[in-house]
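This report concerns the arrangement of domains, cores, strands and chain contacts in one molecular structure.

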Amino acid sequence: MRYSALSILLNGLTGNRGWRAAWRDPQPKAHYDVVIVGGGGHGLATAYYLAREFGIANVAVLEKNYVGSGNVGRNTTIIRSNYLLPGNNPFYELSMKLWEGLERDFNFNAMVSQRGVLNLYHSDAQRDAYTRRGNAMRLHGVDAELLDRAAVREMLPFLDFDNARFPIQGGLLQRRGGTVRHDAVAWGYARGADSRGVDIIQNCEVTAIRRENGRVTGVETTRGFIGCGKLALAAAGNSSNVAAMADLRLPIESHVLQAFVSEGLKPFINCVVTFGAGHFYVSQSDKGGLVFGGDIDGYNSYAQRGNLATVEHVAEAGKAMIPALSRVRFLRSWGGIMDMSMDGSPIIDHTYLDNLYLNAGWCYGGFKATPASGYCFAHLIARDQAQETARAFRLDRFERGFLIDEKGMGAQPNLH
Amino acid sequence: MASLISCPHCGARPKEEFTIKGAVLSRPAADAGHQAWTDYVYLRDNPRGTHREYWHHTSGCRRWLVVTRDTVSHEVGFCQDAAAAKLAEVRP
């Protein structure tokens with residue numbers, strides 16, 4: 001069924017009894033051309049683009065829980081392509097371009113809102129660093145504007161401009177950045193993939209990877225053995241465990257990242273704004289709640305919940321940037337498990353097994369990358385060749401010394 | 001995670017005094033070769049469950065500790081001085 005204003009009208013007139021489930025709940029078949037492990041944003045997007053762009057529809061997506069239960073529903077919904085390094089920037093810009101046409105493409109309202117992403121700077125050195133990043137973005141054909149203090153004040157007059165320790169000097173603005181309703185991304189991709197013949201199999205956990213003669217032949221799951229021509233891993237925080245089933249040791253640690261929503265407030269933040277003197281980013285949802293987050297907790301975790309020390313730290317950073325937040329109440333908080341790679345950049349690559357493909361290491365930047373990650377991973381699986389914007393995301397870049405270290409932290413995942 | 005961590009030197013202290021560095025790994029010899037060093041610097045077991053990790057008692061005795069912690073329940077188990085751990089060469 002195609003969603004449109006007319007379909008809403010017609011279904012409204014007939015008591016809304018005509019709506020069907022957005023995707024089927026199929027029994028797993030004995031064999032698929034491609035099996036994707038992980039029914040999150042990236043896995044579903046991969047299935048969608050495999051079917052839509054690359055003509056491979058005999059695909060199963062295996063999800064151990066339900067669609068949207070992992071990181072695709074646990075982020076702060078921000079999209080942007082304000083990256084500095086040549087290995088990253090064209091990829092994230094591809095993602096941004098896909099976001100821009102996504103809703104028409106998969107016929108689902110994902111509430112893509114290009115309200116702008118503003119990174120504040122607080123010192124001369126930081127201004128210079130942001131100028132460099134803005135220039136790098138523009139050289140890659142991405143929009144970037146350096147705002148001075150007066151221009152930022154016009155946008156967000158309630159910021160603490162004269163903070164004694166971190167006065168706000170200005171900001172780097174990407175107007176095309178913004179937010180997307182994250183659940184709708186999972187649902188839209190799931191529905192789009194399903195309607196093209198992909199089987200989305202929920203509550204189906206992979207327990208082992210069966211191999212013969214250097215090739216994967218299928219996966220053992222909680223719903224029985226499923227054979228496959230190619231196996232694609234998109235398991236986010238559980239990547240290390242799934243990869244270990246194929247004796248693959250990854251340059252990844254799993255860490256917990258928390259996010260928060262405040263009580264509903266009248267509209268006052270009209271863009272995404274990030275603090276430059278600490279790690280804090282905030283936007284306001286259409287329901288009025290402030291959606292915000294900060295750093296990862298900093299220790300290995302599979303728990304999907306964090307510690308209060310980080311909550312306090314995030315709240316302090318937020319209050320240092322926007323004093324008016326001091327009396328805002330937190331409504332909800334949650335944690336997601338991030339696949340933190342050793343250089344802070346992702347991996348979309350082959351592995352030592354001919355027909356095993358890996359998509360991992362998204363750190364806490366995976367949501368904005370969802371469309372491009374799916375597209376490039378599908379490209380790799382279908383054509384056995386990296387998509388041109390994802391060529392740098394190789395698994396062997398660590399041992400070869402070609403790291404993509406956007407933050408310059410070295411091999412210390414809890415600092416990226 | 002428990003609010004109090006029992007430091008072998010300072011006794012029970014609030015966990016906010018500690019900084020967590022990461023997995024306890026044995027450092028290869030200087031001439032151990034490219035693969036051994038790549039493994040040490042970049043590859044991780046990243047276990048779901050018991051994890052041995054270096055903690056620093058930053059706001060206390062400032063000693064490096066080896067702490068055993070569960071990555072699913074966040075339960076903190078054994079906690080000993082890193083130098084003592086190295087001497088004993090305790091490996092789980």
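The sections below proceed from the domains of chain A to its strands, and then to chain B and the contact between the chains. The model is predicted.

**Domains of chain A**

Chain A is divided into two domains, and both are assembled from separate stretches of sequence: domain 1 comprises 24–77 + 182–252 + 343–415, while domain 2 comprises 112–178 + 253–337. Their C-alpha centres are 29 Å apart. Where the two domains meet, 13 residues of domain 1 of chain A are in contact with 16 residues of domain 2 of chain A. The domain 1 side of this contact has eight polar, four nonpolar and one charged residues.

**Nonpolar cores**

The largest nonpolar core has 118 residues, and the members that touch the most others are A:Val35 and A:Val59. Domain 1 and domain 2 of chain A each contribute at least three residues to this core. Beyond its neighbours within four places in sequence, A:Val35 is in contact with A:Ala60, A:Leu62, A:Val219, A:Ile226, A:Cys228 and A:Leu231. A second core, separate from the largest one, has eight residues, including B:Phe18, B:Trp55, B:Val67 and B:Ala85. As a general background to such groupings, nonpolar side chains in soluble globular proteins tend to be buried together.

**Strands β12, β14, β15 and β16 of chain A**

Strand β12(A) is largely enclosed by the rest of the structure, because ten of its 13 residues are buried. Strand β15(A), residues 289–300, is also mostly covered, with nine of its twelve residues buried. The strand pairings of chain A described here are set out below, each with one residue pair.

| Strand pair | Sense and bridges | Residue pair |
|---|---|---|
| β12(A) (252–264) and β15(A) | antiparallel, six bridges | A:His255 and A:Asn300 |
| β14(A) (281–284) and β15(A) | antiparallel, four bridges | A:Tyr281 and A:Gly293 |
| β12(A) and β16(A) (330–341) | antiparallel, eleven bridges | A:Val256 and A:Ile337 |

Strand β12(A) thus pairs with β15(A) and also with β16(A). Strand β15(A), in turn, is joined to β14(A) as well. The strands β14(A) and β15(A) form a hairpin with four residues between them, in which A:Gly288 takes a positive phi near 105°.

**The sheet of chain B**

In chain B, four strands form an open sheet in the order β3-β4-β5-β6, with antiparallel pairing. Strands β3 and β6 (76–81) stand at the edges of this sheet; each has a single partner strand, so one side of each is left without a neighbour in the sheet. From one strand to the next, the twist averages 30°. Within the sheet, β5(B), residues 64–70, pairs with β6(B) in the antiparallel sense over four bridges. In this part of chain B, B:Arg69 stands opposite B:Val76 of β6(B).

**Contact between the chains**

How many residues does each chain bring to the contact? Chain B supplies 15 residues and chain A supplies 20 residues. On the chain B side, β3 (19–23) and α1 (34–42) each supply at least two residues. Helix α1(B) gives the most to this side, with three residues. By class, the side of chain B that touches chain A has six nonpolar, six polar and three charged residues. Strand β3 of chain B is therefore both an edge strand of the sheet, with a single partner strand, and a supplier of at least two residues to the side that touches chain A.

Definitions and conventions: Residues are numbered from 1 along each chain as its sequence is written. Chains are lettered from A and ligands numbered from 1 in the order in which they are written. This is a predicted model: local features need pLDDT of at least 70, side-chain atom pairs count only at pLDDT 80 or more; totals for chains, interfaces and linings use all residues. A nonpolar core is a set of buried Ala, Val, Leu, Ile, Met, Phe, Trp, Tyr and Cys residues joined through C-beta atoms within 7 Å. A residue is buried if 20 or more other C-beta atoms lie within 10 Å of its own, exposed if 12 or fewer, and partly exposed in between; C-beta atoms are placed from the backbone. Domain bounds come from an automatic or database domain assignment. Two residues are in contact if their C-beta atoms, placed from the backbone, lie within 7 Å. Ala, Val, Leu, Ile, Met, Phe, Trp, Tyr, Cys and Pro count as nonpolar, Asp, Glu, Lys and Arg as charged, and the others, Gly among them, as polar. Two strands pair if DSSP finds at least two bridges between them. Axes are lines fitted to C-alpha atoms, for helices over the stretch in contact, and angles run from 0 to 180 degrees between N-to-C directions.
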